[in-house]
Amino acid sequence: VVVTAEEHTLTGGLGSAVAEVLLEANMTRTIAFKRLGFPDVFTDELGSQNDIMSKYGMDAANMARTARTLLRVS
């Protein structure tokens, strides 16, 4: 299981680079993979950094839930 988390947009980030490596190594059938980060949108949300992170699933609870879900699938 590989989960990447980045505090910016997903497009062109760390998760994209990891996905490329996994694909080129033909590991996409043996490894569950998920990128966590912000969609490429302007948010209409006002609040603290923690509020924005939670809105887009970048809080600790969602990250842990994502990893547990992938572990059950793989």
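Is Asp44 buried or exposed? In this predicted model, Asp44 is exposed, with a relative accessible area of 67%. That residue is a handy place to enter the structure, and the paragraphs below move from the overall fold to the individual contacts.

The protein chain contains 3 helices and 2 strands. Read from the N terminus, these elements follow the order β-α-β-α-α. The C-alpha trace spans about 40 × 25 × 10 Å along its principal axes. Of the 74 residues in the chain, 24% count as buried. The accessible surface comes to about 5,300 Å², and carbon and sulfur atoms account for 56% of that surface. When contacts between residues at least 6 apart in sequence are considered, 60% of them join residues at least 24 apart.

Asp44 takes part in a salt bridge with Lys55, in which the closest N and O atoms are 3.1 Å apart. The two partners sit in distant parts of the chain, 11 residues apart: Lys55 belongs to helix 2, while Asp44 lies in the loop between strand 2 and helix 2. The count for the model comes to 1 salt bridge. Unlike the exposed Asp44, Lys55 is partly exposed, its relative accessible area being 38%.

Turning to the interior, the largest nonpolar core has 5 residues, namely Leu36, Phe38, Ile52, Met53 and Met58. Strand 2 and helix 2 each contribute at least two residues to this core. Ile52, one of the core residues, is found in helix 2. Its relative accessibility is 17%, and because buried means under 20%, Ile52 counts as buried. Setting aside residues up to four places away in sequence, Ile52 touches Phe38, Glu45 and Gly47. The contact with Phe38 brings together two members of the core. Ile52 and Phe38 are 14 residues apart in sequence, and their C-alpha atoms are 9.5 Å apart in space.

Phe38 also features in another kind of contact. How many aromatic pairs does a search of the whole structure find? The search finds 1 aromatic pair. Its members are Phe38 and Tyr56, whose ring centres are 5.6 Å apart and whose planes stand at 90°, so the arrangement is edge-to-face. Phe38 lies in strand 2 (residues 33-38), and Tyr56 lies in the loop between helix 2 (49-55) and helix 3 (60-73), so the pair ties together parts that are 18 residues apart in sequence. The two residues fall into separate accessibility classes: Phe38 counts as buried at 14% relative accessibility, whereas Tyr56, at 21%, is partly exposed. Phe38 is therefore buried by its 14% value, and this residue is a member of the core, a contact of Ile52 and a partner of Tyr56 in the aromatic pair.

Nonpolar side chains also appear at the surface. Val1, Val3 and Leu71 make a nonpolar surface patch of about 240 Å². Val1 is placed in the segment before strand 1 (2-9). With a relative accessibility of 42%, Val1 counts as partly exposed.

Definitions and conventions: Residues are numbered from 1 along each chain as its sequence is written. This is a predicted model: local features need pLDDT of at least 70, side-chain atom pairs count only at pLDDT 80 or more; totals for chains, interfaces and linings use all residues. Side-chain values use heavy atoms; hydrogens and water are left out. Patches are made of residues with over 30% relative accessible area and no salt bridge: like charges are joined within 9 Å, nonpolar side chains (Val, Leu, Ile, Met, Phe, Trp, Tyr) within 5 Å. Accessible areas come from the Shrake-Rupley method with a 1.4 Å probe; for residues, only the protein chains shown count as cover. A salt bridge is a side-chain nitrogen of Lys or Arg within 4 Å of a carboxyl oxygen of Asp or Glu. Helices (H or I, at least four residues) and strands (E, at least two) are DSSP runs, numbered from the N terminus. Buried means under 20% relative accessible area, exposed over 50%, partly exposed in between (1.4 Å probe, protein chains only). Rings of Phe, Tyr and Trp (its six-membered ring) pair if their centres lie within 6.5 Å; planes under 30 degrees apart count as stacked, over 60 as edge-to-face and the rest as tilted. Contact means heavy atoms within 4.5 Å. A nonpolar core is a set of buried Ala, Val, Leu, Ile, Met, Phe, Trp, Tyr and Cys residues joined through side-chain atoms within 4.5 Å.
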